[in-house]
Amino acid sequence: MNTKDLNDMPLRRKLGISMVETYNNVYEKSQEFFAEYGLTSQQYNVLSILHDAGTPMSTSDILKKMLEKMQVFQGW
């Protein structure tokens, strides 16, 4: 996208594009970070849930927590 196209665009659209680009950059960097430790972001999420719980959890309880985190993140 060239500068002229960007300047002619409504502010709301510019903001949307900027947010998507920012999300993509953060996601890419997080994947690189987790890969250094041999983890995926999903594996890290499970470890984080288990750490926060402090006690053993069933697979179904872990899944519920993962879905809760997704809902909060996506604004459901």
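1. Let's start with Glu68. With a relative accessibility of 42%, Glu68 counts as partly exposed. Its partner is Lys65: the two form a salt bridge in which the closest N and O atoms are 3.8 Å apart. Lys65 comes out at 39% relative accessibility, so Lys65 is partly exposed as well. Both residues sit in helix α4, three residues apart, which is about one turn of the helix. Keep in mind as you read on that this is a predicted model.

2. Now look along the helix for another pair. Which residue meets Asp61 in a salt bridge? Lys64 does, with an N to O distance of 3.9 Å between the side chains. Asp61 and Lys64 are three residues apart in helix α4 (residues 59-74), so about one helical turn separates them. Asp61 has 32% relative accessibility and counts as partly exposed.

3. Helix α2 has a salt bridge too. Here the side chains of Glu32 and Lys29 meet, at 4.0 Å from N to O. How far apart are Glu32 and Lys29 in helix α2? They are three residues apart in a helix that covers residues 11-36, which means a separation of about one helical turn. Glu32 is partly exposed at 40% relative accessible area, while Lys29, at 54%, is exposed. If you wonder what lies behind such pairings, side chains of opposite charge can pair when their charged atoms come close. The count of salt bridges in the model comes to three.

4. Next, the aromatic rings. How many aromatic pairs are there? The count comes to four. Take Tyr23 and Tyr27: their ring centres are 6.1 Å apart and their planes are at 20 degrees, so this pair is stacked. The two tyrosines are four residues apart in helix α2, and about one helical turn lies between them. Tyr23 is partly exposed at 45% relative accessibility, and Tyr27 is partly exposed at 40%. Elsewhere, Phe33, Phe34, Tyr37 and Tyr44 form one aromatic cluster.

5. Helix α3 is a nice place to check some helix arithmetic. Its 13 residues (41-53), at 1.5 Å a residue, should span 18 Å, and the end C-alpha atoms are indeed 18 Å apart, so the two values agree. Which residues of α3 are buried? They are Ser41, Asn45, Ser48 and Ile49. These buried residues cover an arc of only 100 degrees around the axis, which puts them on the same side of α3. Just after the helix comes Gly54, with a positive phi of about 75 degrees.

6. Finally, zoom in on Ser41, one of the residues of helix α3. Is Ser41 buried or exposed? Its relative accessible area is 19%, and the cut-off for buried is under 20%, so Ser41 counts as buried. The side chain of Ser41 is joined to that of Gln42 by a polar contact of 3.4 Å. What does Ser41 touch beyond its neighbours within four places in sequence? Leaving those neighbours aside, Ser41 is in contact with Gln31 and Phe34. Phe34 should ring a bell, as one of the residues in the aromatic cluster with Phe33, Tyr37 and Tyr44.

Key: Residues are numbered from 1 along each chain as its sequence is written. This is a predicted model: local features need pLDDT of at least 70, side-chain atom pairs count only at pLDDT 80 or more; totals for chains, interfaces and linings use all residues. Side-chain values use heavy atoms; hydrogens and water are left out. Buried means under 20% relative accessible area, exposed over 50%, partly exposed in between (1.4 Å probe, protein chains only). The expected span of a helix is 1.5 Å times one less than its number of residues. The arc is that of the directions from the helix axis to the C-beta atoms. Rings of Phe, Tyr and Trp (its six-membered ring) pair if their centres lie within 6.5 Å; planes under 30 degrees apart count as stacked, over 60 as edge-to-face and the rest as tilted. A polar contact is a pair of N or O atoms within 3.5 Å; within protein, one must be able to donate a hydrogen and the other to accept it, and residues adjacent in sequence count only if both atoms are side-chain atoms. Contact means heavy atoms within 4.5 Å.
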